[in-house]
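Subject: Structure handover

Dear colleague,

I am passing on the structure below, together with a short account of what was found in it. Please read the account with the coordinates open beside you.

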Amino acid sequence: MAHLSAMPDLETEPIQLWGTGPDYDDIFRMSLMELKREGRYRVFQEHRRLVGEFPLSVAVSDKGESTVTVWCSNDYLNMGQHGEVRAAMKQAVDTFGAGAGGTRNISGNHSPIVALERELAALHGKEAALVFGCGYLANLATLATLGQLLPDCVIVSDELNHASMIQGIKASRAEKRIFLHNDLLHLEEILRSIPKSRCKVVAFESVYSMDGDIAPIADIVEICERYGAMAYLDEVHAVGMYGATGAGVAERDGIGSRVGLVQGTLAKAFGVIGGYIAGSAVMVDAIRSHANGFIFTSALPPPVAEAALASVRHLRASGSARAALHENVRKLRSLLRQARIPFLDGPSHIVPVMVGDPVRCKAVSDLLIERHAIYVQPINYPTVPRGTERLRITTSPAHTDAMAEALVAALSECWRDLRLPLAADGI
């Protein structure tokens, strides 16, 4: 009681303040100043996509509005504006309403998401699929849960895996080993060093979105089988884009049935939003039952699920958009090569034009939109390593030959005006 009586009477005695604490805004301000000093402060261009006129969009700035040609969209096949997809979404709004009502653990499964998961499982030839709010969450939640559920697990990760995979592996608290990018000998060396009795997950991507290269999936799966490891394949930048039905590079290479678990997105080639996994029924059920990133997040709204379902069904049935896109990629690479604009000449649909400096990369982007009405967002650290800053160019079935020629002519002018080095002849 003596201790209590010694306590100050807060109603009658003044409160002694500690004085001024940290200036939190100043700390944040300094962090932003550092980004600007390094030339990698990111500015997001406001623009309004025009339905039926992709890749045209209306850019909005202090100077007013102007129509630009977009060369950096991940809506690779323009399915976000496809008539069937838009019609499915609009009809679902009138049928089911706008929202999902909360998490599936509380509100249950609405019919469109059940149908979507069945379609995704069929797309990948798997027993089951599970839809998440986005691809980042699908990777993070699934890898975290695998590492927690599999006893004495080691997750072996490609060194260039996406941030979502890295975060998921960290969250799993499982032992982590990293193999050199697409290095089969290093991967096998690591797996050989892990006791046979331990659970092993090899996590890698099919298409790496910044360099545009493609993993040797068949060889990696063969190594996984040799050492009793599960193959976890991220096909985010490949679903819809490769294979006879758009299931990804694994389908194209005839290896899909041997991949233990595939992760994909509905936000890129399928043109909507959401992420998913597909695998055996028991594994998907275990992820559904244990993954915090699924249990505690709201479900995709019915209109979004219906739109995604329409997109997946369309691209499973028709490969014409895929074929047109890959032909446009071939033409664009040829034009860039002729103009000696330096780019990474990879096997995928992604064309990274290399600048190598954050300030000049931003300068090229600014010149393209201000002088030529061409929109390409600069890619700087930490998305890519320092010194490899680039313009990540993506074409689509809707880009015309004239648009591609205008892009390359504009890049040539920027390279000349900014005195950027050209590629050697024949590159």
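What follows covers a helix pair, the nonpolar cores and some points of backbone geometry, and please keep in mind throughout that this is a predicted model.

To begin with the helix pair, helix H5, which spans residues 111-124, and helix H13, which spans residues 302-317, have axes that come within 8 Å of each other and cross at roughly 25°. Since angles under 35 degrees count as roughly parallel, the two helices H5 and H13 are therefore described as roughly parallel to each other, and their crossing is left-handed. On the H5 side the contact is made by Pro112, Ile113, Ala115, Leu116, Glu119, Leu120, Ala122 and Leu123, which meet Pro302, Ala305, Glu306, Ala308, Leu309, Val312, Arg313 and Arg316 in H13. Sorted by class, this contact between H5 and H13 consists of 12 nonpolar residues and four charged ones, with no polar residues.

Turning to the interior, the largest nonpolar core has 93 residues, and those with the most contacts inside it are Val202, Phe204, Ile393 and Leu411. The largest share of this core, eight residues, is contributed by helix H16 (residues 401-417). Leucine 411, if residues up to four places away in sequence are left out of the count, touches Leu336, Ile341, Val364, Leu368, Leu391 and Ile393. Apart from the largest core there lies another, of 24 residues, including Ala203, Tyr232, Met283 and Ala291.

The backbone has some features that you may wish to look at individually. The peptide bond from phenylalanine 54 to proline 55 is cis, with omega near 15°, and proline 55 sits in the loop between strand E1 (46-49) and strand E2 (56-61). A cis peptide bond also leads from tyrosine 381 to proline 382, where omega is near 10°, and proline 382 belongs to the loop between strand E13 (378-379) and strand E14 (390-394).

Positive phi values also occur in residues that are not glycine. Arginine 340, in the loop between helix H14 (320-339) and strand E11 (350-354), has a positive phi of about 60°, and this arginine 340 is partly exposed, with a relative accessible area of 30%. Arginine 419, which lies in the segment after H16, has a positive phi near 55°, and with a relative accessible area of 76% arginine 419 is exposed.

With kind regards

How values were computed
Residues numbered from 1 in each chain as written. Predicted model: local features only at pLDDT ≥ 70, side-chain atom pairs only at ≥ 80, totals over all residues. Heavy atoms only, no water. Axes fitted to C-alpha atoms, helices over the stretch in contact; angles between N-to-C directions. Helix = DSSP H or I, 4+ residues; strand = E, 2+ residues; numbered from the N terminus. Parallel < 35°, antiparallel > 145°, perpendicular 65-115°, else oblique. Left-handed = near helix turned anticlockwise from the far one by under 90°. Contact = heavy atoms within 4.5 Å. Nonpolar A, V, L, I, M, F, W, Y, C, P; charged D, E, K, R; others polar. Core = buried A, V, L, I, M, F, W, Y, C linked by side-chain atoms within 4.5 Å. Buried < 20%, exposed > 50% of the residue type's maximum accessible area, 1.4 Å probe, protein only.
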